[in-house]
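User: Could you take a close look at the pockets in this one for me? I'd like to know what lines them and how the lining ties in with the rest of the fold.

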Amino acid sequence: MAEIRLTGVDKRYGDFVALTGLDLHIEDGEFCVFVGPSGCGKSTLLRTIAGLEDLTSGQIRIGDKDVSDAHPGDRGIAMVFQNYALYPHMTARQNMGYSLKLAGKSRAQIEQSVLTAAGVLGLQSLLDRKPSELSGGQRQRVAIGRAIVRDPAAFLFDEPLSNLDAELRARMRLEIAELHQKLGATMIYVTHDQVEAMTLATKIVVLRDGKIEQIGAPLALYDEPANLFVARFIGSPSMNFIPARLQHDEGGAFAVPDLFTQVRIPLESPEGIDAGTPLFIGIRPEHIQWTENGPASIKLRAVESLGDISFGYATLSSGEAFCINLHDERRFSAGDEISFDLSTKKAFIFDARSEKRLQ
């Protein structure tokens, strides 16, 4: 196990800049998740740490070793891919022990390592089966077991659950979280699914266009997003963004929605921001309370009922999507008008031009 430190990491493909100026410290034993939309650079960053992509500039250290130019096999890491990459003619036991065989380990050493990993993953009864005789989740566990037997300094996961169905994904998320607790190992995990990030990570790195937008614990990013992009990306359903303007009067400064002008959210210390400056009020669906005679209203275009919870969806006249958590209320359907109150204590204010959060 080891810490991982990136300093000034750049990666270019000709004129295309995939990663630029990345500084990142992953502490020993952390579960760090890279998230972001397709093309943001998260898989490229993972592959660069693994040595599968060459650095253009910068430094990567794993433990006390500079591995910036090291061969992948000399970095002390093990990688689990999206496709399981198992040898179809080998049993689970043989797949898990193959790297040790190539390393010249004795048969007894290989068997002991495989049995230990199988015990951690609950694969003891499946070791003599070939990949075609295993379910998707079992194959993924064999792939993880193949990584465990190497006793690496860090585990790297590249969207390992994306080929699984929803139920199996949820189950495997739990198994990976439990695996991290058992091993206490440094893990880096790439996903486009922010639910996976929120439930697995001790640290999340949000990427956009090859740059780091914010780093923090899952709930820290949920509670204190640095900018509009992070606020939009973290949380499910996504945060609502209501166009607004800055207004000044004797009572101070206020963010006033363009559509719901009766709502006024006080702004603390908005120095250097002129009246009329375009803003966004960000508020999560779970922080909007529907009420019979609220100060604002929308017309629902769809209702998503999930049993114990329902979500109402609308489109504001500005074109922005809008979602409200109806909790367990089942009376509403598409076409209904619903009034609500905005929880000003839970609202975020963003500068529409810079996208930075003001409060």
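Analyst: Start with H2, since in this predicted model that helix gives the most to the lining of the largest pocket, with four residues. H2 spans 92-102, and the other elements that put two or more residues into that lining are strand S6 (77-80) and helix H4 (136-148). The whole lining comes to 18 residues, and the ones nearest the pocket's centre are Met79, Phe81, Ser99, Arg146 and Arg150. As for space, you're looking at a volume of about 440 Å³. Sorted by class, the wall has twelve nonpolar residues, four polar and two charged.

Now for the second largest pocket, which holds about 240 Å³. H2 turns up here too: five residues of this lining come from H2, the largest share. Helix H3 (107-121) is the other element that gives two or more. The full list is Met90, Arg93, Gln94, Gly97, Tyr98, Lys101, Arg107, Ile110 and Glu111. By class, that splits into three nonpolar, two polar and four charged. So if you're setting up charges, here's the side-by-side: two charged residues in the lining of the largest pocket, four in that of the second largest.

Back to S6, because that strand links the largest pocket to the sheet. The sheet is open and mixed, with six strands in the order S6-S7-S8-S3-S9-S10. S6 sits at one edge and strand S10 (211-216) at the other, each pairing on one side only. Ignoring direction, neighbouring strands are turned by 20° against each other on average.

Over at the S10 end, strand S9 (residues 203-208) runs antiparallel to S10, and five bridges join the two. One pair to click on is Val205 with its bridge partner in S10, Ile215.

Two helices lie across this sheet. Helix H1 (residues 42-50) crosses strand S3 (31-35), S6, strand S7 (154-158), strand S8 (186-190) and S9, at about 150° to S7. That list includes S6, the strand that also helps line the largest pocket. Helix H5 (residues 166-183) lies across S3, S7 and S8, running at about 160° to S8.

To pull it together: H2 gives four residues to the largest pocket and five to the second largest, while S6 both helps line the largest pocket and forms an edge of the sheet.

Notes
Residues numbered from 1 in each chain as written. Predicted model: local features only at pLDDT ≥ 70, side-chain atom pairs only at ≥ 80, totals over all residues. Heavy atoms only, no water. 1 Å grid on protein atoms, 1.4 Å probe; cavity = no way out; pocket = protein on both sides within 12 Å on 5 of 7 lines; lining within 4 Å. Points joined across faces, edges and corners; volume = space filled by probe spheres on them. Nonpolar A, V, L, I, M, F, W, Y, C, P; charged D, E, K, R; others polar. Pairing = 2+ DSSP bridges. Axes fitted to C-alpha atoms, helices over the stretch in contact; angles between N-to-C directions. Contact = heavy atoms within 4.5 Å.
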